[in-house]
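This briefing introduces a protein structure to a reader who has not met it before. Please view the sequence and the model together before reading on.

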Amino acid sequence: MEENVVLSMRGIFKEFPGVKALQNVDFTLLKGEIHALMGENGAGKSTLVKVLTGVYEKDAGEIRIAGIDGPASIRSPQDAQNLGISTVYQEITLCPNLTVAENIYIGRGNYKFVNRRAQEKNAAELLARLNIPAKPAQQLGTCSLAVQQMVAIARAVDMECKVLILDEPTSSLDENEVAELFTLMRDLKSRGVGIIFITHFLEQVYEVCDKITVLRNGELVG
C-alpha cells in the first residue's frame, strides 16, 4: 500500500440469492481524507460497508489496512474493530440512560469493576481534546442528537480507529448541529483519521468532503 493510504478495497464481489450486490468494486481511502460514498438506495453502499465491517463476508476481492501486512481477514465486527475500523450509525446505538463517560467506555475491559473517577477524568480529557460540549457525568439522554453522535465518534476515536464510517449521521440534525458535526469531522481529518461519509445530501458532500465515490446497481460508477 502507498504510504498515505489507510484503506484499500480491490475487486470486491458479494452476491445474495438472485442478487449481485457488489460487482468488482474498488475503494481507496487516504489518511486525513473525508470521502463520500454515494448512490441511490440499493446501489451497494450498505453492502460495501458491511463487508468492510465484517457483517458480511465478501465472495471475492481483497481488503488492505494500513499497518497490516498482507490482506486483512475481516469475518466479524470485532475483527474490524481490532483493525481500527469503527462505524457510527444514523440511529444512536449508545445507552441514553447511562452517563457520557459510561457510554464511551462500556464494553471495554472489565467494565463492572472500572474506576469511575479515572473513567470520568479520561472522558473529560477526550471530550476537551475533541471540543465536544458534554460533561462526563452527564446522562447521555439529556444531550442533543448532535452531541450524542459526537460522543459515539469520541468512543471510536478513543479506540484508536484508523477508518471512521459515518452512516447518514446528519439525517436527524438541524443546520447548527450539522455544522458542529462537520467541525468535529474536520478536526479528526487534521489528526489523520480517514472518514467514510455516507449521505444523500449532496450540498453537505460539497461542503465537507475531499472525494466522492458513486455506486450504482452494485458497480463502481466513478
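The points below cover a sheet, a central strand, the nonpolar cores, one loop residue and a pocket. The structure is a predicted model. Two nonpolar cores are described, the largest with 42 residues and another, lying apart from it, with 27 residues. Strand 3 is largely enclosed by the rest of the structure, and the largest pocket has a volume of about 400 Å³.

**The three-stranded sheet**

- Three strands form an open sheet in the order 2-1-4, and their pairing is antiparallel.
- Strand 2 (19–30) and strand 4 (60–65) are the edge strands, each pairing on one side only.
- From one strand to the next, the twist averages 10°.
- Strand 1 (residues 5–16) is joined to strand 4 by five bridges, and the two run antiparallel.
- Arg 10 has Glu 62 as its bridge partner in strand 4.
- Helix 1 (residues 45–52) packs on this sheet and touches strand 1, strand 2 and strand 4. The direction of helix 1 makes about 115° with that of strand 1.

**Strand 3 and its partners**

- Strand 3 (34–38) is largely enclosed because five of its five residues are buried.
- In a regular strand, side chains alternate between the two faces of the sheet. In strand 3, Ile 34, Ala 36 and Met 38 point one way, while His 35 and Leu 37 point the other way, and all are buried.
- Four bridges link strand 3 with strand 7 in a parallel arrangement. Ala 36 has Phe 197 as its bridge partner in strand 7.
- Strand 3 also pairs in the parallel sense with strand 8 (residues 211–216), over four bridges. Here the bridge partner of Met 38 is Val 214.

**The nonpolar cores**

- Nonpolar side chains tend to be buried together in soluble globular proteins.
- In the largest core, of 42 residues, those touching the most other members are Ile 132, Ile 153, Leu 164, Met 185 and Leu 188.
- The elements that each supply at least two residues of this core include strand 3, helix 4 (116–129), strand 6 (163–167), helix 6 (175–190) and strand 7 (194–198).
- Helix 5 gives the most to this core, with nine residues.
- Leaving aside neighbours within four places in sequence, Leu 164 is in contact with residues including Val 88, Ile 153, Ala 156, Leu 188, Val 193 and Ile 195.
- The other core, of 27 residues, has Met 9, Ala 43, Leu 83 and Leu 215 among its members.

**Ala 43, a buried loop residue**

- Ala 43 lies in the loop between strand 3 and helix 1.
- With a relative accessible area of 3%, Ala 43 counts as buried because the cut-off is under 20%.
- Ala 43 and Gly 218 are 175 residues apart in sequence, yet their C-alpha atoms are 5.2 Å apart in space.
- Neighbours within four places in sequence aside, Ala 43 is in contact with Ala 21, Leu 215, Arg 216, Asn 217, Gly 218 and Glu 219.

**The largest pocket**

- The largest pocket is lined by 18 residues, and the closest to its centre are Gln 81, Ile 85, Ser 86, Thr 87 and Tyr 89.
- Helix 2 (77–82), strand 5 (85–88) and helix 5 are the elements that give two or more residues to the lining.
- Ser 86, one of the lining residues closest to the pocket centre, is also in contact with Leu 164.

Note on methods:
Residues are numbered from 1 along each chain as its sequence is written. This is a predicted model: local features need pLDDT of at least 70, side-chain atom pairs count only at pLDDT 80 or more; totals for chains, interfaces and linings use all residues. Side-chain values use heavy atoms; hydrogens and water are left out. Two strands pair if DSSP finds at least two bridges between them. Axes are lines fitted to C-alpha atoms, for helices over the stretch in contact, and angles run from 0 to 180 degrees between N-to-C directions. Contact means heavy atoms within 4.5 Å. A nonpolar core is a set of buried Ala, Val, Leu, Ile, Met, Phe, Trp, Tyr and Cys residues joined through side-chain atoms within 4.5 Å. Buried means under 20% relative accessible area, exposed over 50%, partly exposed in between (1.4 Å probe, protein chains only). On a 1 Å grid over the protein atoms alone, a cavity is a set of points where a 1.4 Å probe fits but cannot get out, and a pocket is an open set with protein on both sides within 12 Å along at least five of seven lines; lining residues have an atom within 4 Å of a point. Grid points are joined across faces, edges and corners, and a volume is the space filled by probe spheres set on the points.
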